[in-house]
Amino acid sequence: MSTTTATHDDHAHEPTGLIRWLTTTNHKDIGTLYLVFSLAMFFVGGAMAMVIRAELFQPGLQWVDPGFFNQMTTMHALVMIFGGVMPAFVGLANWMVPLMIGAPDMALPRLNNWSFWILPFAFALLLTPLVLGLFGIGGGAPAGGWTMYPPLVLQTGNAFPFLIFAVHLMGISSVLGAINIIVTIMNMRAPGMTLLKMPLFVWTWLITAYLLILVMPVLAGAVTMLLTDKYFGTSFFLAAGGGDPVMFQHIFWFFGHPEVYIMILPAFGIVSQIIPTFARKPLFGYDSMVYATASIAFLSFIVWAHHMFTVGMPLAGQLFFMLATMLIAVPTGVKVFNWVATMWKGAMTFETPMLFAIAFVFLFTIGGFSGLMLAIVPADLQYHDSYFVVAHFHYVLVPGAVFGIMAGVYYWLPKWTGHMYNEKLGKLHFWLSAIFVNVTFFPQHFVGLAGMPRRIPDYATQFADFNAISSIGSFVFGLAQLIFLYVIWSCARGGKKAEAQVWEGAEGLEWTVPSPAPHHTFDVPPVVR
C-alpha cells in the first residue's frame, strides 16, 4: 500500500453537489444524511402530533373527522419511530463509532450508502396515500394503528400495500445498517482496544445492532402474512378462515418490545458519554453498565406479551410475563444508579448536553416507574388502552430517546462542524423542552387513570381540563424545536471556532472516560494548537 501523500490531481475528479451526496461512501457524510433526514421526519411527525392535540384541545369534533384522526395517530407513530428516532441513532453511530474505535470508515461503505438511500423511498411510499388523500384522491393514509392489528388494518383500503412495502424497506435499511455496525466494531478496532475498553456508546450500538438483526425479519414475516391475508386468500389472522388475530399480536410484539430497546439503548450510550465529561470523573461501574445493557437486551425478548394481558392468556402466562417484565427494572436501575454515582461529588458544569442528559435520567426514570405499574397484571387490566399507557411510552420515548438524541447532537456538534453552537439558545431550547414535555404528558397519566381511552378524537367532558393543558404543552414544545433547528443551522454555517479543548477543563475527557483508562493513547485526539 502506497504511503505517498495525495496530490491535487487525486481530488480533481471527486464529485460535488448533489452527486456527492447521492454517491458518498464517507461515514461522516452518510451520518449527516441520516441526521438531516431524521430531523425532517421529526418535524413531519410533530406536525401530525399537532393535529392530534388540536383536535383533543376540547371535547367534541373540531378540526378533523374521526377517520383522518385515526390516520394521524397511525402515521405519527410510524414516522416518529422509523423516520425520526431510529435513523437519528444510526446517523450518530455512522458519525461516531469509527472515530471512537479508531477505524478509518465503516467496514462496508457502499452498503452504508445503500442502507441510507432506501429510507427516502420507504417514506415516499408511506406518505404518498396521505398526500393523495389530502387532495381527495383515494382513501388517505392507513388508519389501523401503527401496530397494524388485524382485522382492523385489513380495512384500510388502498393505503394498505403502501404501508406493508414501506415497512419492508425500512426493515431492510435497518438490517443493512446493523450488519455494517457489527462488522465495523468487531473487525476495525484500533490495536489494544479490547471489547471491554470500548466507549459505552459503541457497546450500546453493538448490542442494538444484534437486536435489529434478530427482530426486523420477524416484523417482515408478520406484515407479509397480513399482505397475503388481504390479497392472496390466506387466513393466518382471519378467524373466519380458521386463523387467529391474537397470533398476530404475539408475532408483532416479539418484534415490538425489543424495538422499544432499539430506540433507547443508544440513548443510554450517549448519556454514558456525556455525564462523565461534565462531571469530570470516570464513569462509575463501566463493566456493570456493559453487562446491564446486555441483560436488558436479553430480557427484552421474553417480555413481549405484557402488551397483551387483556387477550385472555392463561394465568401461568400472565405470571411469567409479569415477573420477567419487572426483572428488567433491575439492570435499568443499575444504569440509573451508575449515572447518579458518576455525578456524585463531581466537578459538574451544566452546558446544554449535560442538561439534556440529566433530564433524560430523571424523566426516563418516571417512564420506567409507570412501566412497572403497567407490568402488574391486575393493574394493567385497568390501565390497558387508556391514556396512562400513552403517557408511559411518551415519557420513555420523548424525554428518553429524543432527549438522548438532542444531548448527543449538542455534545458532538462542535466536533462535526468545527464551530461552537449558541449556548444561550441551546439552554433556552432545553428549558422550554424540559418544562413543556412534562406539561404535555404528565396530565395524560391522570386522564388515563380516570378512564380516558387512547386513540379517540372525542371524549367525555370530565377530561377537558387536563386535555387542554396537554395540548397547550404540546404546542409550546413543538414550537421550541424550531430553536433546535436554528441552532443546528447557524452552527453548521459558522460561528465561533471550536477549540481543541471543546468543554472547559475536560480536554480529551469525552474520549477516555466512558471506558477504563487505556494503556495507550489511541483514543485521545491530538491537540492542535
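How many salt bridges does a search of the whole structure find? The search finds two. Before I describe them, please note that what you have in front of you is a predicted model.

I begin with the pair formed by R20 and D29. Their side chains meet in a salt bridge, with a nitrogen-to-oxygen distance of 2.7 Å. The two partners differ in their cover. D29 counts as buried, at 11% relative accessibility, whereas R20 is partly exposed, with a relative accessible area of 32%.

The second salt bridge joins the side chains of R454 and D385, at 3.8 Å from N to O. R454 lies in the loop between α15 (423–449) and α16 (464–493), and D385 in the loop between α13 (377–383) and α14 (387–417), so this pair ties together parts that are 69 residues apart in sequence. In this bridge the arginine is the buried partner: R454 has 17% relative accessibility, and D385 is partly exposed at 40%. The cut-off for buried is under 20% relative accessible area, which is why R454, at 17%, falls in that class.

I turn next to the internal spaces, beginning with an open one. The second largest pocket holds about 540 Å³ of space. It is lined by 23 residues, and the closest to its centre are L35, V36, L39, V409 and I488. Which helices supply at least two residues each to this lining? They are α2 (27–55), α3 (66–101), α14 and α16. Among the contributors, α14 gives the most, with seven residues. As to chemical character, the lining has 18 nonpolar residues, four polar ones and one charged residue.

Helix α2 also contains T32. This threonine counts as partly exposed, at 27% relative accessibility. For a sense of scale, T32 and W344 are separated by 312 residues in sequence and by 35 Å in space, taken from C-alpha to C-alpha.

Now to the enclosed spaces. The structure holds two cavities of 30 Å³ or more. The largest cavity has a volume of about 130 Å³. Its lining comprises 17 residues, and those nearest its centre are Y34, M86, P87, V90 and S174. Helices α3, α5 (159–187) and α6 (200–231) each supply at least two residues of that lining. What does α3 give to the lining of the largest cavity? It gives five residues, the most of any contributor. Helix α3 therefore appears in both accounts, since it also supplies at least two residues to the second largest pocket. By class, the cavity lining has 13 nonpolar and four polar residues, and no charged residues.

Finally, I come to the surface. V131, L132, L134, F135 and I137 together make a nonpolar patch of about 520 Å². One of these residues, V131, lies in helix α4, which spans residues 109–134. V131 is partly exposed, with a relative accessible area of 41%. Membership of a patch requires over 30% relative accessible area, so V131, at 41%, meets that condition.

To conclude, I would return to three points. The R454 and D385 bridge ties together parts that are 69 residues apart in sequence. The lining of the second largest pocket includes one charged residue, while that of the largest cavity has none. On the surface, there is a nonpolar patch of about 520 Å² that includes V131 and F135.

Notes:
Residues numbered from 1 in each chain as written. Predicted model: local features only at pLDDT ≥ 70, side-chain atom pairs only at ≥ 80, totals over all residues. Heavy atoms only, no water. Salt bridge = Lys/Arg side-chain N within 4 Å of Asp/Glu carboxyl O. Buried < 20%, exposed > 50% of the residue type's maximum accessible area, 1.4 Å probe, protein only. Helix = DSSP H or I, 4+ residues; strand = E, 2+ residues; numbered from the N terminus. 1 Å grid on protein atoms, 1.4 Å probe; cavity = no way out; pocket = protein on both sides within 12 Å on 5 of 7 lines; lining within 4 Å. Points joined across faces, edges and corners; volume = space filled by probe spheres on them. Nonpolar A, V, L, I, M, F, W, Y, C, P; charged D, E, K, R; others polar. Patch = residues over 30% accessible without salt bridge, like charges linked within 9 Å, V, L, I, M, F, W, Y side chains within 5 Å. Areas by Shrake-Rupley, 256 points an atom, 1.4 Å probe, with all protein chains shown as cover.
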